[in-house]
Amino acid sequence: MESSEQFDQARTARVRLPQLKLDELLEELQARLDAARGTRDRVHSLLEAVLSVGRELDLTQVLHRIVKAAAVLVDAEYAALGVIGPDGRRLSAFHTVGVGEEDIARIGSYPEGHGILGELIRNPEPLRLAELGEHPSSYGFPPGHPAMSTFLGVPIRVRNQVFGNLYLTEKRGGGEFDDEDESVLSTLAVAAGVAIDNARLYEESRLRERWVQTNADITRSLMSGAAQAEVLGLVTERAREITGAALAVMSAPVPNTRTLTVELAIGRQADKHRGLVLPMEGTLTGHAFATGAPVSSPDVAHDARVTAGPPRFAGLGPAVAVPIGSGEHVRGVLLLARETNADDFSGQELEPLQSFAAQAALAMELAERRKDAEQIALLEDRDRIARDLHDLAIQRLFATGMTLQSAGRFIGHEGAKERVLRAVGDLDETIKIIRSTIFGLHTHGEEAAPGLRARAVQVITEATPVLGFAPSVRMEGLLDTNVPRETADHVVAVLSEALTNIARHAHADRAEAALETDGRTVRLTVADNGRGIPPDGRRSGLANMDERARKLGGGLEITTPQGGGTALVWCAPVTGTQGPAQS
């Protein structure tokens, strides 16, 4: 009986043992099937990510898709792509996933590439960490930054150059990033490099296409006889649009002076630039004009070469001043400025910009040639009129006078005879007037006097050593065309008197002069930050200025600005019968 029970127990044990091993084998097989399925799904996801990234041609969208794909592939809560700047040491752009707008606002500005991020810039190799804070390069997070511990970073290379880095943190589920995560992310980085290169090439081809189209538009405008101001406005606006600049300023030299005046300004704070007169020495624009080569600034708002004139570059950063023309034929300067934290102007961008500036130089030269041709035609017309007056009108008048003089001998009536002789005298005076007119037609325009712009700049230049500082100057409108010579003389005298008064009495360290015309009136404003005009002070100079204004039908106004000092506003009409305008 016992042997039968022992036999049954042994047989049961033999049945259970194979069943146990089979369960273990089935579980292992299931695990391997799940792993294979997971690998298949992950490979499928990687292929989808590569295809998704490769479909896009806009660089910004490409970078955003790369970050999203990276976060999904390695199951990370936070992902970022940092683009390395031109200096190779800092990040110039940062694209994130997982961090909300409110978090970004609390954190503040994007990282520049310090700490762990900088470690990957200095050593562009995959980096995997179980705890961020334990790495020697880590020095914590700024206030408001989400807590992060696990980390995986890989570089992105474009044509063997490191474009930027992918940063993944916080593996979902509390685990760590493993070898497979690193392998998948490295594979994505290779595909990202190709996609970024394609997007860059597409962007460059589109940019070249825009430059070519714009050059064609400028050429068309030139050939159609468009005005110089219209063509230069087109050059300035298109340059601003294509380069992504927030501000574009076109400056031209003031004749017979070492200064430049702002002819056109488009974009941010453009009104603060229009009409400004800038010295050649010590300014960004002046340096570009003097050297005939582009001059760049990484931060124009704080550039030591931007001192003349009022503050006018707030919120702007990278800038470049490109000369219009070359060598001794530089005709002006085009200044472009981007917003703060934008990319610097690269050498790749400067090449088409210089070609574009050459188009602007051509516009100026053609406009000048057209003006010269019109002037020559006018002078030739004057010569023809002078010859006709001399050869025809004067000879006929002279013959008529001789005939009347001869006929007077045969007139017996004294009254009639006297009238005839008086008519002969009138004809003689008429001949003198015509001869004077002929002389004026021959000589007018041969020696053109300096325009009001140049004369005003000369007065300010001469006053600078006496003042001890250079006043800020702004000029707007057709001052040399619309302001008659007599009025211009008064303007120059008032400007000189005002600056002299500042030097003698104001004890100021800053002064501003603005000269403008709208075609109806000319307006001169001179302001300083000095001690103002004392109640018992001498006012003979102000009386002279007021008398000059009233003589022309204008007026003078003296005010005290809110910050102290004195503001003088002198104005006079420029229309009416005051005489011919300046040439």
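Which residues have the most contacts inside the largest nonpolar core? They are Leu495, Leu499, Leu515 and Trp570, and the core they sit in has 39 residues. Keep in mind that this is a predicted model, where local features need pLDDT of at least 70, side-chain atom pairs count only at pLDDT 80 or more, and totals for chains, interfaces and linings use all residues. Residues are numbered from 1 along each chain as its sequence is written, and side-chain values use heavy atoms, with hydrogens and water left out.

**The overall picture**

The protein has 13 helices and 16 strands. Those are DSSP runs numbered from the N terminus: H or I over at least four residues for helices, E over at least two for strands. Of its 583 residues, 39% count as buried. Here buried means under 20% relative accessible area, exposed means over 50%, and partly exposed is in between, using a 1.4 Å probe and protein chains only. Contact means heavy atoms within 4.5 Å. Among contacts between residues at least 6 apart in sequence, 61% join residues at least 24 apart.

**The cores**

Back to that core. A nonpolar core is a set of buried Ala, Val, Leu, Ile, Met, Phe, Trp, Tyr and Cys residues joined through side-chain atoms within 4.5 Å. In the largest one, with its 39 residues, the elements giving two or more residues are α10 (452-467), β12, α12 (485-506), β13 (511-517), β14 (521-528), α13 (540-551) and β16 (566-573). Helix α12 gives the most, with nine residues. Leu499 is in contact with Val459, Ile460, Ala463, Leu467 and Val526, leaving aside neighbours within four places in sequence. Apart from this core lies another, of 31 residues, among them Ile66, Leu168, Phe177 and Ala195.

**Strands side by side**

Two strands pair if DSSP finds at least two bridges between them. Strand β8 does this with two partners, as the table shows.

| Strand pair | Sense | Bridges | One bridge pair |
|---|---|---|---|
| β7 (residues 259-267) and β8 (residues 276-279) | antiparallel | three | Thr261 and Val277 |
| β8 and β12 (residues 472-476) | antiparallel | two | Leu276 and Arg474 |

**A helix tucked away, and a buried Asn**

Helix α4 (residues 115-122) is largely enclosed by the rest of the structure, because seven of its eight residues are buried. Those buried residues are Gly115, Ile116, Leu117, Gly118, Glu119, Leu120 and Ile121.

Two of the α4 residues, Leu120 and Ile121, turn up again among the contacts of Asn165. Asn165 is found in strand β5 (residues 161-171), and at 0% relative accessibility it counts as buried. Beyond its neighbours within four places in sequence, Asn165 is also in contact with residues including Ala80, Leu81, Gly82, Ile84 and Val154. A polar contact of 3.3 Å joins the side chains of Asn165 and Tyr167; such a contact is a pair of N or O atoms within 3.5 Å, where one must be able to donate a hydrogen and the other to accept it, and residues adjacent in sequence count only if both atoms are side-chain atoms.

**A loop glycine**

Is Gly98 buried or partly exposed? With a relative accessible area of 47%, Gly98 is partly exposed. Gly98 is found in the loop between β2 (91-97) and α3 (101-107). Not counting residues up to four places away in sequence, Gly98 touches Glu77 and Tyr78. Gly98 and Ala71 are 27 residues apart in sequence and 8.7 Å apart in space, C-alpha to C-alpha.
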